[in-house]
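Let's walk through this model together, starting with how its helices meet and ending at a pocket. Have the structure open as you read.

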Amino acid sequence: MNKGLLVVVCGPSGVGKGTICKEIIEGNENVYLSISATTRNPRKGEVEGIHYYYKTEQQFERMIQNDELIEWAKYCDNYYGTPKVAIDNMLENGKDVILEIDVQGALQVKQNFPNCIMIFILPPSLLELKNRIVGRGTESSEVIQSRLLAAENELNHINEFEYIIVNDQLQSAVSYLVSIITAEKCKLKRSTIIIERMCGDDIPSDW
């Protein structure tokens, strides 16, 4: 069995990356959306263990000390991070794992998992991004301004990513992400088991 793909989906808060990822995993049992831990308060309708694992600062810092996270970052005064055990189990069992995280966390993952697929989701414009954040009605004006400043800083790291998707139409963005995952699965370097079945042990050294 080939290991699953680790897909890092990144982009500014409010760009719609969560909605895109939700569309990908619905009806696809081979794709697992990683659940992050965070110290921020739940938004209305969010559920423990489905949207996030909600932690106190002390609990989160203990996870850092115990090396229980594959990445973590502090963003807008809250900790966010990805628990390690569930990710490793899914990948070993051939499941594809999507990490929906910020730039700081994405760059940590890239260092630890150089074969991960790095995808950056862009808004049509910064004005549209502001409208989307304001339209959620869940943040104060100070938090909105903080998120917009963070978005500008995140855009400075876009060259660290392999793919970009502009989320101007949801279904188009979803289709692009599916196409990227499909193409990556077809890469020769990810198909060693198929090659072994065809060639036995006589696999060319430059493969």
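**Helices that cross**

Helix 5 and helix 6 make a right-handed crossing (the near helix is turned clockwise from the far one by less than a right angle; anticlockwise would be left-handed). Helices here are DSSP runs of H or I with at least four residues, and strands are E runs of at least two, numbered from the N terminus. The model is predicted, so local features need pLDDT of at least 70 and side-chain atom pairs pLDDT 80 or more, while totals for chains, interfaces and linings use all residues. Residues are numbered from 1 along each chain as its sequence is written, and side-chain values use heavy atoms, without hydrogens and water.

The axes of helix 5 and helix 6 lie 10 Å apart, at an angle of about 145° (axes are lines fitted to C-alpha atoms over the stretch in contact, and angles run from 0 to 180 degrees between N-to-C directions). On the helix 5 side, the contact (heavy atoms within 4.5 Å) includes Leu126, Leu129 and Ile133, which face helix 6 residues including Ile144, Leu148 and Leu155. By type, this contact has 8 nonpolar, no polar and 4 charged residues (Ala, Val, Leu, Ile, Met, Phe, Trp, Tyr, Cys and Pro count as nonpolar, Asp, Glu, Lys and Arg as charged, the others, Gly among them, as polar).

Now turn to helix 1 and helix 7. The crossing of these two is also right-handed. Thr19, Ile20, Glu23 and Ile24 of helix 1 meet helix 7 residues, among them Leu170, Val174 and Leu177. That contact divides into 7 nonpolar, 2 polar and 1 charged.

**The pocket**

Helix 1 also gives the largest share of the lining of the largest pocket, 5 residues. The lining as a whole divides into 12 nonpolar, 11 polar and 14 charged residues. Pocket points sit on a 1 Å grid over the protein atoms alone, fit a 1.4 Å probe and form an open set with protein on both sides within 12 Å along at least five of seven lines; lining residues have an atom within 4 Å.
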